[in-house]
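Student: Could we go through this one together? I'd like to know what stands behind the words people use for it.

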Amino acid sequence: MRVILLGPPGAGKGTQAAAVKERFQIPHISTGDMLREHVKEGTELGRKAKEYMDGGKLVPDDLIIAMMEDRLSKEDCAGGFLLDGFPRTLPQAEALDRLLSKMGIKLDGVVLLDVSDDVVVERLSGRRVCRSCGAIYHVSFHPSSRGDLCEACGGELYQRDDDREEVIRRRLKVYHEQTAPLESYYEGKGLLRRVSGEGATDAVLKVLQGN
Ligand code: AP5
């Protein structure tokens, strides 16, 4: 199972990926999570990426492509993977094609989670994330039963720096300008499946299971 999860910020990619990862036992590879880890650890990549991320802009392609070449060559990707947040530009998609062809493997599909801009703003402004395990909550739609603490591990819940309304609007604009063209790119290859991201949080899992 080698799949890309495509969709605007806040479409629910991270939320839906959790169910897919558990069912298929494949790594969930989120470039956003990887970059936030670099920022937390203060690596050179993290220092370079932070300014772009906080402003809602994309991190330059060359940095992302190098990071992903390294990640996809790891042993745990041999049996498949779920990509979340990558590729996000045409040059990234073309670099992924080249890399997979060099590795002698093919993509099985691309699932597009469709969500309106208004829903995105409502979701992201209420999102809370666990600082320890990365579990995702929402103050209204999916609150933690332990208040400001994670139900799963007791870690502190926090609001991401890029989940402020003006940054969310910038991220949406960037998505429509730079990432949405990938929909026709993958449609042209016969790989795209559209799924509504405004319903249940296991919609992607159901599509991948063939339901
Ligand atoms: P990244 O972390 O990838 O952010 P994103 O794509 O903007 O996506 P999000 O994580 O914000 O949303 P999501 O779709 O995962 O939604 P979630 O499941 O959390 O990237 C961050 C930054 O890193 C970028 O801006 C860029 O700077 C940089 N970056 C990353 N990758 C890059 C790349 N390839 N190239 C260049 N730069 C890159 O859900 C959102 C909320 O909604 C949650 O609160 C959740 O509880 C709730 N929710 C989810 N599903 C539902 C539902 N069905 N019903 C009700 N509520 C729901």
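Student: What do the buried residues of helix 4 pack against?

Tutor: They pack against strand 2 (28–30), helix 2 (31–41), helix 3 (44–54), strand 3 (81–84) and helix 5 (90–103). Packing here rests on contact, meaning heavy atoms within 4.5 Å. Helices (H or I, at least four residues) and strands (E, at least two) are DSSP runs, numbered from the N terminus. Keep in mind that this is a predicted model: local features need pLDDT of at least 70, side-chain atom pairs count only at pLDDT 80 or more, and totals for chains, interfaces and linings use all residues. Residues are numbered from 1 along each chain as its sequence is written, and side-chain values use heavy atoms, with hydrogens and water left out.

Student: Which residues of helix 4 are buried, and what puts them on the same side?

Tutor: They are I64, I65, M67, M68, R71 and L72. They cover an arc of only 165 degrees around the axis (taken from the directions from the helix axis to the C-beta atoms), so they sit on the same side of helix 4.

Student: Why is R171 called buried?

Tutor: Buried means under 20% relative accessible area (exposed is over 50%, partly exposed in between; 1.4 Å probe, protein chains only). R171 has 12%, so R171 counts as buried. R171 lies in helix 7 (residues 165–179).

Student: What does R171 touch?

Tutor: Not counting residues up to four places away in sequence, R171 touches P9, G56, L124, R127, R160, D162 and D163.
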